[in-house]
Amino acid sequence: MIEIINVSKQYRVDGVGIPAITNINLRIEEGEVFGIIGASGAGKSTLIRTLNLLERPDGGEIRVDGKDITRFSSKELQNYRRKAGMIFQHFNLIKAKTVAENVRYPLKLTGEYSEAEMDRRVAELLDLVELAEQRDKYPAQLSGGQKQRVGIARALANHPRLLLCDEATSALDPQTTQSILRLLRDINRRFGLTIVLITHEMDVIRAVCDRVAVLDKGVVIEHGLVTEVLLHPRHPVTRAMVRESHHEDGTDLVGHLGLPGPLLRLTFLGEATYQPVLERISRSLDVSFNILEGVIGRIKDTPYGQLTVQVIGTDPDVARVEEAFAHQSIHCEVLAR
Ligand SMILES: Nc1ncnc2c1ncn2[C@@H]1O[C@H](COP(=O)(O)OP(=O)(O)OP(=O)(O)O)[C@@H](O)[C@H]1O
Ligand SMILES: [Mg+2]
């Protein structure tokens, strides 16, 4: 478990301090996939790099299993870093080494393994990331997705408990992104490895994360379960990000379209997504629903749907409609009465 307590970091440029992250407080549980999302310059890389002290915070503590890593001796830090693998947006592979040599490198650095042990581990890792056939190629001969697989194999070499991912899919096309995200999910499940990833894409958060923190101008503006934050964002910045990820244009249906109410936003989660709830309520209360807008999808393994509907009836009783949805465990927000 990682506790980030009051962590701040400023960069000094020409003698002037520029705050990158300010008073960050977060807790990352063992075995979860924790996402940090934010716009460019929000402080994501700075924050994730404090977790292995590639950036040293100016203030605050980073406790891993109760121990503050900012107070580690260089020997302790070296051991800790071995158990905290990292992958990068631009892969950071060694150009003059083959795939197998790149993966072998972190094993060699420990000085603890025999040649045979290293051979075995490298083969195991290349199987895991499905690159056994590319083992003697050089990075320049690989696609972006393959390079990132090498990065992942290398990061996992010393059996880390934590994997830090700095925009690991930003340089990849959508399909390759999905395959890398599937691999990360698989690794998380099979080895119970804790993953912290940063991204500026909501789709990445939706695909793999259990919980998320939203970073804006160096400050955490919102955090919680992905289902909660994505379906009921509170902060305007988060709302705008979620809307954008649904390719919505941000039209304010109530204000701009001047639609007569009542308007409801319904959120279906899990099992409820498959139930014909609208029809049921429509029959029992003798109202109709005009669907104005909607998204359906999946958050990691949980199906969800979110609809904006207009309630139509001779004299629709919004309170009764609300009650009926609540009864079916559907979250119902009244946008206009
Ligand atoms: N080495 C540095 N020296 C000075 N300022 C820096 C340095 N690195 C980052 N910054 C500044 O700190 C702030 C946070 O940067 P950071 O790289 O953490 O953001 P980010 O969220 O990772 O952005 P991006 O999505 O563009 O990678 C920015 O204002 C950036 O300009
Ligand atoms: Mg960055």
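Helices, of at least four residues, and strands, of at least two, are taken as DSSP runs and numbered from the N terminus. On that basis the chain of this predicted model holds 11 helices and 14 strands.

**Whole chain.** Begin with the C-alpha trace, which spans about 80 × 50 × 35 Å along its principal axes. Of the 337 residues, 49% count as buried. The chain exposes about 17,000 Å², of which carbon and sulfur atoms supply 48%. Among contacts between residues at least 6 apart in sequence, 69% join residues at least 24 apart.

**First stop: the sheet S2-S1-S4-S5.** Select the four strands of this open sheet, whose order is S2-S1-S4-S5 and whose pairing is antiparallel. Its edge strands are S2 and strand S5 (67-68), each of which pairs on one side only. Next, display strand S1 (residues 2-13) together with S2: nine bridges join them in the antiparallel sense. Within that pairing, glutamine 10 stands opposite proline 19 in S2.

Remain on S2 (residues 16-28) and select isoleucine 18, which has its place in this strand. Isoleucine 18 has a relative accessible area of 41% and is therefore classed as partly exposed. Add Tyr11 and Val13 to the selection: with Ile18 they form a nonpolar patch on the surface, with about 230 Å² of accessible area together.

**Second stop: the sheet S12-S13-S11-S14.** Move to the open sheet of four strands in the order S12-S13-S11-S14, again a case of antiparallel pairing. Strand S12 (288-299) and strand S14 (331-336) are the edge strands, and each pairs on one side only. Neighbouring strands here are turned by 15° against each other on average, direction ignored. Now show helix H10 (residues 277-285), which packs on the sheet and touches strand S11 (263-269), S12 and S13. The direction of H10 makes about 155° with that of S12.

Select S11 on its own: five of its seven residues are buried, and the strand is mostly covered. S11 pairs with S13 in the antiparallel sense over seven bridges, and with S14, also antiparallel, over five. Threonine 267 has histidine 331 in S14 as its bridge partner.

Which residue in S13 is the bridge partner of phenylalanine 268? Glycine 305 is that partner. Glycine 305 also has isoleucine 296 standing opposite, within the antiparallel pairing of S12 and strand S13 (residues 302-312), which covers 11 bridges.

**Third stop: salt bridges.** The count of salt bridges comes to 22. Select arginine 161 and glutamate 30, whose closest N and O atoms are 2.9 Å apart. This pair links distant parts of the chain: arginine 161 is in the loop between helix H5 (144-156) and strand S7 (162-166), and glutamate 30 is in the loop between S2 and strand S3 (33-37), 131 residues apart. Arginine 161 is partly exposed at 41% relative accessible area, as is glutamate 30 at 43%.

Next, select aspartate 301 and arginine 189, which form a salt bridge with closest N and O atoms 3.1 Å apart. Aspartate 301 lies in the loop between S12 and S13 and arginine 189 in helix H6 (residues 174-191), so the salt bridge ties together parts 112 residues apart in sequence. Aspartate 301 has a relative accessible area of 43% and is partly exposed. Then select Lys9, Arg49 and Glu55, which salt bridges with shared partners join into one network.

Finish at aspartate 136 and arginine 135, whose side chains meet in a salt bridge (3.6 Å, N to O). Aspartate 136 counts as exposed at 54% relative accessibility, whereas arginine 135 counts as partly exposed at 34%.

Technical notes: Residues are numbered from 1 along each chain as its sequence is written. Chains are lettered from A and ligands numbered from 1 in the order in which they are written. This is a predicted model: local features need pLDDT of at least 70, side-chain atom pairs count only at pLDDT 80 or more; totals for chains, interfaces and linings use all residues. Side-chain values use heavy atoms; hydrogens and water are left out. Patches are made of residues with over 30% relative accessible area and no salt bridge: like charges are joined within 9 Å, nonpolar side chains (Val, Leu, Ile, Met, Phe, Trp, Tyr) within 5 Å. Accessible areas come from the Shrake-Rupley method with a 1.4 Å probe; for residues, only the protein chains shown count as cover. A salt bridge is a side-chain nitrogen of Lys or Arg within 4 Å of a carboxyl oxygen of Asp or Glu. Buried means under 20% relative accessible area, exposed over 50%, partly exposed in between (1.4 Å probe, protein chains only). Two strands pair if DSSP finds at least two bridges between them. Axes are lines fitted to C-alpha atoms, for helices over the stretch in contact, and angles run from 0 to 180 degrees between N-to-C directions. Contact means heavy atoms within 4.5 Å.
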